[in-house]
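Work through the two exercises below with the sequence and the model at hand. Each task is followed by its solution in steps.

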Amino acid sequence: MSLSYEDVLAKYEPVWGLETHVELGTVSKMFCGCSTEFGAEPNTHTCPVCLGLPGALPVVNEVAIESTIKIGLALNCSIASWCRFARKNYFYPDMPKNYQISQYDEPLCFDGYIDVEVEGQTYRVGIERVHMEEDTGKNTHVGTSGRIHGAEYSLVDFNRAGIPLIEIVTKPVPGCGALAPEVAKAYTAALRDILRALGVSDVRMEQGSLRCDVNTSLNVPGAEWGTRTETKNVNSLRSVERAVRSEMIRQAGLLDAGTRIKQETRHFSETTGDTRPGRSKEEATDYRYFPEPDLVPVAPDAEWIERLRAGLPELPAARRTRIIASLGLTNDEIQQMANAGVVDLVGETVELGAPAAEARNWWQGYVAQKANEREVDAAELPITPAHIARVIALVADGSLSTALGRQAVDGVLETGNDVDVVVAEKGLKVVSDTGALQAAADEAIAANPDVAQKVRDGKVAAVGALVGSVMKATRGQADAAAVRAILLERLGVPE
Amino acid sequence: MSDSSLANGGSGTDLVRLTAADTAASIRRGDVTAVEVAQAHLAQIAKVDPLVKAFLHIDADGALEAAASVDEARAAGEALGPLAGVPLAMKDVVVTKGLPTTSGSKILEGWRPPYDATITTRIKDAGIVMLGKTNMDEFAMGSSTENSAYGPTHNPWDLTKIPGGSSGGSSAAVAAFEAPLAIGTDTGGSIRQPAAVTGIVGFKPTYGAVSRYGLIAFSSSLDQAGPFARTVEDTALLYDVLHGHDPCDSTSIAGLSFDATGAARAGAAGDLTGVRVGVVRELGGEGYQAGVTASFDDAVATLKGLGAEIVEVSCPNFEYALAAYYLIAPSECSSNLARFDAVRYGLRVGDDGSNSLEEVMSLTRAAGFGPEVKRRIMIGTYALSSGYYEAYYGQAQKVRTLIVRDFQAAFEKVDVLISPATPVVAFGIGEVVDPITMYRNDLCTLPASLAGTPAISVPCGLSDGLPVGLQIMAPALADERCFGIAAAFERATGILQIPAVTA
Amino acid sequence: MAHLARLARLSVTEDELELFAGQLGEIISAVARVGEVAAADIEPTSHAVPMTNVYRPDVVVPSLPREAVLAGAPSVEDDKFRVPQILTEEA
């Protein structure tokens, strides 16, 4: 039996929390000098250290420490004056040493928060800790299913092993009510924006450089918090929202049936949008943490921390406030942009020289529509403010019509290329050859005698269908207004 | 032996009995070539190693090639370093590019590392000629070299006895004149104890003075590589090659530069006037063989005769060293040895298509590790497991602090501390079967391991024809002091006579 | 004991389990002596010479040649390390 979301909220209050893993954008790995470049040939970015060869020892990447401290500062955290790495011991073939160098009870950053805004209301999300660890290699499962279950064997590539990762753990967040999924999503978006602004990670969710585990529990109002489940592999903003929502509905169904919630790890399916139990481990894993004896403590002094603080860029929240103020928009307009998730994108487009109205039209209109079709957020599309600013400029100087501009956007979404490259490759340009347009107009009139007659009879508005036909014949490269004028002239109808 | 006897090349026997310092001087002068020196030692290995079994792998071609390049460098007029052309035996725990490196374990049989340990590079750069890799207790876990997967090494003084451990191959090679220099590693005494029971000198440095990069880890917070030789000066010469900062080892101490050789040469003047020597009350008495105690008492008298002021000091927490060590080392080893998993290198057992990866890993580790290694992995896994960490590993780390404090308090009163290096002389191969009895061999050496402080073992006599070692311990970073006092003591007592196998 | 062996990925026979159980019991009771020390207010020591903040610059250095990476592997396919089927799923 499945409850509606409203039913769930009528009886239960959700508490959520997120653990977010982010790959840092250092050029070398966390503990060795191997490149972090994505997509290299298998096992070519490996050395004695990241392969866990006997005798090899780790040495900490200083930029990774600085990036982590910057993240901590941007998240209003305290920075530990002394902390250690720890070994997390468990066997897995993609982990070369069979222990992961991580941090256990001494995170580098702790006790912070960020504020996120949803539907005009501000929610404070507490940050429990920010700590450093290393990524694992990648297993490819070979067999009929291509998945771990039923695979005949697996192949391991250690290029990703040892890439610096940070884990950002929120405190449990109660009090969001029906908006819990949206607040969780807004937090993830805010975090992503902060990481981008800091320049510490390229935060490409599609390459797995930002991955979330979502904790969710329900409780009856006034009662203690319920048992939480942890949903792993939630790798897009929309999925964070969906994972919280589907887990709330699932748990409410169980609670209503009098079933206890099992503390367990679940997996999120991008295709179905729901969660499934992870394969339960035959016994609880005991990670046997202990301080990493191959490394010395990290002890940033106040001078170092203050130097990093002074070097922080303007953070997204401050920046957003400043940009919104400069756009001169009404509150309603700002709210519309916020709902479409395009405030920062519009702001950045304006900063690149585009008029605010145009920027808003493109992002809130065509681009938002494309994002909807793909079921992602506009910010997750491979199109940037720079792309849109260029499209706006080309439309403004008459090089492209609005329709061609949309084709340029489509091209960018398909290829990720620059606008000028797309325009050149697709041969997008406004057709101003009057002879060609006249021929196309005559063809359209001949092909649609009924419509032509209506126009001649005075129903001028019907000319739109003929315009569409000409635009189609010229693959959108004509200026619609010019086509309309030519058609009316050929039909002998005065404007 | 006088250098003049080498004027016309000298006999092979003469060459292997030279000190490293004299060998290097002879090569520099052109009295002998490095190739001749290497050949003489390879001949000695061929003669005695079938009995001693110090080496797991002999790299004759590599040794002769390295020696030839020293000779070429000399011919080209290049200045040779203080140990250029001198042969060395390398403990098999140290990674050597392209040369088999097993750490005494079946699980690494046939592995040829794709890289060199930092100390391997330093040794090669110094023109030292590596003869091969020496036997050891598997993964350096043991005090007798009986835990090697490749069979025991025999003590040159009495082939039925153990050569100490875990660096028993290295100590036996030096004692049997197979090499004038050797590398050992010391985690709880694995340099000092084998040096003591084979009648040579062995030094464990301050933790962090010698790079651990490329040492197959046993217990990361304790492991230190160090030198073996038959004289204090040779030991110091090799130490001066080994020590120094390494950016590849995070625990390596920056900006460190000792002149151990200078300290040894200065100490050889033999005057210890004004030096305060502390005798550790807790490292003696019950459980120490009478012959060991007698030799130690003689050593105390010798030091006093050299002018030292002898003071008895108490280090009450030393009695917990054994317990703390046998929690810390197994805990760290249980994690360090997890990487031997049949995925990237080494043995794989049971991969017949019917077993899962976990089963293959478990079967491989069961087949590839010997009983002592398994025992320690099990103890360490237990000591780190949730609910026990604080009581065991956590508490053991606190005991370390107390031992450090005992040392600090003692060093406020004295310049060095002394004790026997081992409670007993070399015992018979196969004689000690009980693990805890075996562990007690490290009683004297464990405190300095846990405190990370430097300590040297120098021969101080024989008991029933078997060598006894004197341990001299100094404060952290006072490595030179060990050499100075050891050299004074050596000057007064002389170098031990030749062991039975080579006589 | 069997749980420990599993955690440590050591395949052990019943006889070995029994032998180890006896020996470990003895060893553990011997090392448990560390508990006799009153050390509640004592800081643990993990390095004898205290050091902090040891880092390397974020600079790429050449990796190993792939032949060297794969040379020692028990089984290789498509330039990757080949392993038997993985049954358990973790982290």
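**Exercise 1.** Find the bridge partner of A455(B) in β11(B), then place that strand among its neighbours.

Step 1. A455(B) has M473(B) as its bridge partner in β11(B). The model is predicted, and local features need pLDDT of at least 70, side-chain atom pairs pLDDT 80 or more, while totals for chains, interfaces and linings use all residues. Residues are numbered from 1 along each chain as its sequence is written, and side-chain values use heavy atoms, without hydrogens and water.

Step 2. Strand β10 (residues 455–463) of chain B runs antiparallel to β11(B), joined by seven bridges. Strands are DSSP runs of E, at least two residues, numbered from the N terminus; two strands pair if DSSP finds at least two bridges between them.

Step 3. M473(B) is also the bridge partner of L417(B). Strand β9 (residues 416–420) of chain B is antiparallel to β11(B), with four bridges.

Step 4. Eight of the eight residues of β11(B) (residues 466–473) are buried, so the strand is largely enclosed by the rest of the structure. Buried means under 20% relative accessible area (1.4 Å probe, protein chains only).

**Exercise 2.** Which side chains meet in a salt bridge across the interface of chain B and chain A?

Step 1. The rule finds one salt bridge across this interface; the criterion is a side-chain nitrogen of Lys or Arg within 4 Å of a carboxyl oxygen of Asp or Glu.

Step 2. The side chains are those of D294(A) and R212(B), at 3.1 Å, N to O.

Terms used
Chains lettered and ligands numbered in written order. Buried < 20%, exposed > 50% of the residue type's maximum accessible area, 1.4 Å probe, protein only.
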